[in-house]
Amino acid sequence: MAIARRELIGSMAAAGVASTLPITYARAQAKPKIRIGVLNDMSGPYRDITGMGSVACTQQALQDFGASNKGIEVEVIFGDHQNKPDVGAAIARQWYDQGVDMIVDVPTSSVALAVSAVARQKDKVFMDSGAGTSDLTGKLCNPNTVHVTYDTWMLAHATGAAMVKAGGITWFFITADYAFGHALQRDTSNFVIQAGGKVLGSVNTPFPGTTDFSSYLLQAQASGAKVIGLCNAGTDTINCIKQAHEFGVTKTARIAGLLVFISDIHALGLQIAQGLVLSGTFYWNLNPRTRAFSERVAPKMPGVRPGMAQAGCYAATLHYLKTVAAMGVVEAKRSGAETVARMKAMPMDDDVFGPGSIRADGRAVHPAYLFEVKKPEESKEPWDYYNVLAEIPANEAFRPINEGSCPLVHA
Amino acid sequence: MTMEATTQVGIGLPSAKPVLFGYTSTQAIALAILVALVVLSPTVLYPVFLMKVLCFAMFASAFNLLIGYVGLLSFGHAAFFGMGSYVTAWTAKYWGLSAEVAILLGGLTGAALGAVFGWLAIRRSGIYFAMITLALAQMVYFFCVEAPFTGGEDGIQQVPRAKLFGVISLAPDMSIYWLVAGLFLFFFLFVHRVVHSPFGQVLKAIRENTARATSLGYRPDDYKLIAFILSTFISGIAGGTKALVFGIATLTDVHWSMSGEVVLMTLLGGLGTIFGPVMGALIVTAMENYLAQFGAWVTVTQGAVFVICVLTFRRGVIGELGAKLKLAL
């Protein structure tokens, strides 16, 4: 009786082991897949500076990394957040819930901040390239977020300080009325004042939806400021520069585009845009490495050259994939915060930004440049638009890590 | 045209005997199916999406109470929905209130705003009523753009999913789903109860013939105002619930396009039908959700659907179905 019972228990245990074995085996067979979501503006004012171009650059990163050769299965999906934080947060939540490991791009600061919070909550990875707010690696930083390409501090620092040095000592700001615009204005004002300049005034324009900037431009002109700082982006900036040209505002004041992308210059034409001073971290015709990258991605983006936000998606994705390969897919999928910690420990190096690194606050640091838009006669080929005025080394280009009041830095 | 449609729906439906809680036997069966769907669907579909549908279903039901049963087309309901959303988000985030209190405050904000707007707007009817509500709602929108507490374009972000009664955690999607489902069913039944109460009968009388209702001794303005406040209260609740679900309250919720969306939901589902707004909310939210990757095409599709609805099935999905089956749904 006792033996029979022992046998029974033994056979039950054996059956249990036997029945669990095929399952673990099956799980090991079904290879976990890395899913990357490109979330940006596909239909609104930022579709040209991010949009499908960012998707193309992300896919280029997969190709250059050789994910399939390394036995890592990667899938890229994309979505349109319509520049609305609630839409962006809802898509991010759904993607993360349904197995997306990393979201990249996300222009529009308000949306980026919302997505960053969702990434933290779900412990996934968020690599922002398209948004400008320096709060993302400042007081609202979190261990799941990495910010590449640019931020308002870097733009304000590069453009603001340089313009004051060139004699533009009085400023007036035309500011898009949302987080990004305000952050940009705040940061630029600080540099202008630090460099000995003066801010005469500013005006907020409703965002999105403003197309007629004439009254704001005339108000700026009436202030007598030598420099009109445009704290906006995308079609807003294009409209401002065009209308400033049409109203002759450019005769009395210089326009400083605080966030101008190469697609904006392309839309404006060199005739209108010439002489504009702007800053950025990537220009396709900057050096042999950036040219090589641009040639590789060209078939995916017919007729256009990648802008810095799009190229930033390449750099971010490539670094993420390198980290995933180093950690192993299963481990990388388990915790977003740990993956980001590993990314911070590994040096960055890619054709877009060159060598760089990610700081403790999530800020990716690499050199920045001050560009001037070429005159029409200087341009030798399509998209040959910029002269490099100055290079700002990586350690000076971004806000010093202890000034951002990011809680991660003190921890 | 809208008024006509309303009248058509109201007349010519067989008035079956209510068996349960003011429901006819077919409506009771439909209700049972609805409850079953609400309970079972989260096992199949993404719960956050379903919660969005339920919030909008609440909102559309509240709107339907006005247009379907009082004949008042408000084009400013986003104001009540959005302000409810902001107040719930604010109180949950900064005052640390529990979920039910925050949502209730959202509803009360909607009702308070509704009392003021309604008091002004019900003096006029038809297109004038719609325009007054739209104008007042636009004022609310610009207030929200400028007021510091709304966070402007950022909205109120990182709203915690406050604990229910201060003890039950709503952080897992399924826990908050039951709260949203409970609220939805409660207010769904509530709207139905209001419509089928003596009060509701007077509302319908006012809709059909205001002069006659007046001559019978009713004061139409009082009845209209009460209906308006009830509707705005539920709108505020719906907005507040949505804010807790998504952890964010933004300008989208107060924008006039939200007012347009709720009109679309109600029309598409079936004006003056009890199940119509729920169906409409499901269709519109599903379109937005599953067409999101096509960007601008969402609005184009919505427009096309609206045109098709107006041209071919003016009584809405549920309205047409009810007419085919000769049932009041």
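**Chatting through helix H13 and the A–B contact**

Student: Hi! Let's start with H13(A). Is that helix mostly covered or mostly exposed?
Tutor: Mostly covered: in this predicted model, 17 of the 20 residues of H13(A) are buried.

Student: How far apart are the end C-alpha atoms of H13(A), and what span should we expect?
Tutor: Helix H13 of chain A covers residues 308–327, and its end C-alpha atoms are 28 Å apart. At 1.5 Å a residue, the expected span is also 28 Å, so the two agree.

Student: Cool. What comes just after H13(A)?
Tutor: Gly328(A) does, and this glycine takes a positive phi of about 95°.

Student: Switching topic: how many residues does each chain bring to the contact?
Tutor: Chain A brings 21 residues and chain B brings 17.

Student: Which elements of chain A give two or more residues to that side?
Tutor: Strand S2 (74–80), helix H3 (85–97) and helix H4 (109–122) of chain A.

Student: And which one gives the most?
Tutor: That's H3(A), with eight residues.

Student: What classes of residue are on chain A's side?
Tutor: The side of chain A that touches chain B has 11 nonpolar, six charged and four polar residues.

Student: Last topic, confidence. What does chain B average?
Tutor: Chain B has an average pLDDT of 86, and 92% of the residues score at least 70.

Student: Where in chain B does pLDDT stay under 50?
Tutor: Over residues 1–14 of chain B. For that stretch the model has 20 contacts beyond four places in sequence.

Student: And what are the ipTM and pTM?
Tutor: The model scores ipTM 0.77 and pTM 0.81.

Terms used: Residues are numbered from 1 along each chain as its sequence is written. Chains are lettered from A and ligands numbered from 1 in the order in which they are written. This is a predicted model: local features need pLDDT of at least 70, side-chain atom pairs count only at pLDDT 80 or more; totals for chains, interfaces and linings use all residues. Two residues are in contact if their C-beta atoms, placed from the backbone, lie within 7 Å. Helices (H or I, at least four residues) and strands (E, at least two) are DSSP runs, numbered from the N terminus. Ala, Val, Leu, Ile, Met, Phe, Trp, Tyr, Cys and Pro count as nonpolar, Asp, Glu, Lys and Arg as charged, and the others, Gly among them, as polar. pLDDT is the predictor's confidence in each residue, from 0 to 100. The expected span of a helix is 1.5 Å times one less than its number of residues. A residue is buried if 20 or more other C-beta atoms lie within 10 Å of its own, exposed if 12 or fewer, and partly exposed in between; C-beta atoms are placed from the backbone.
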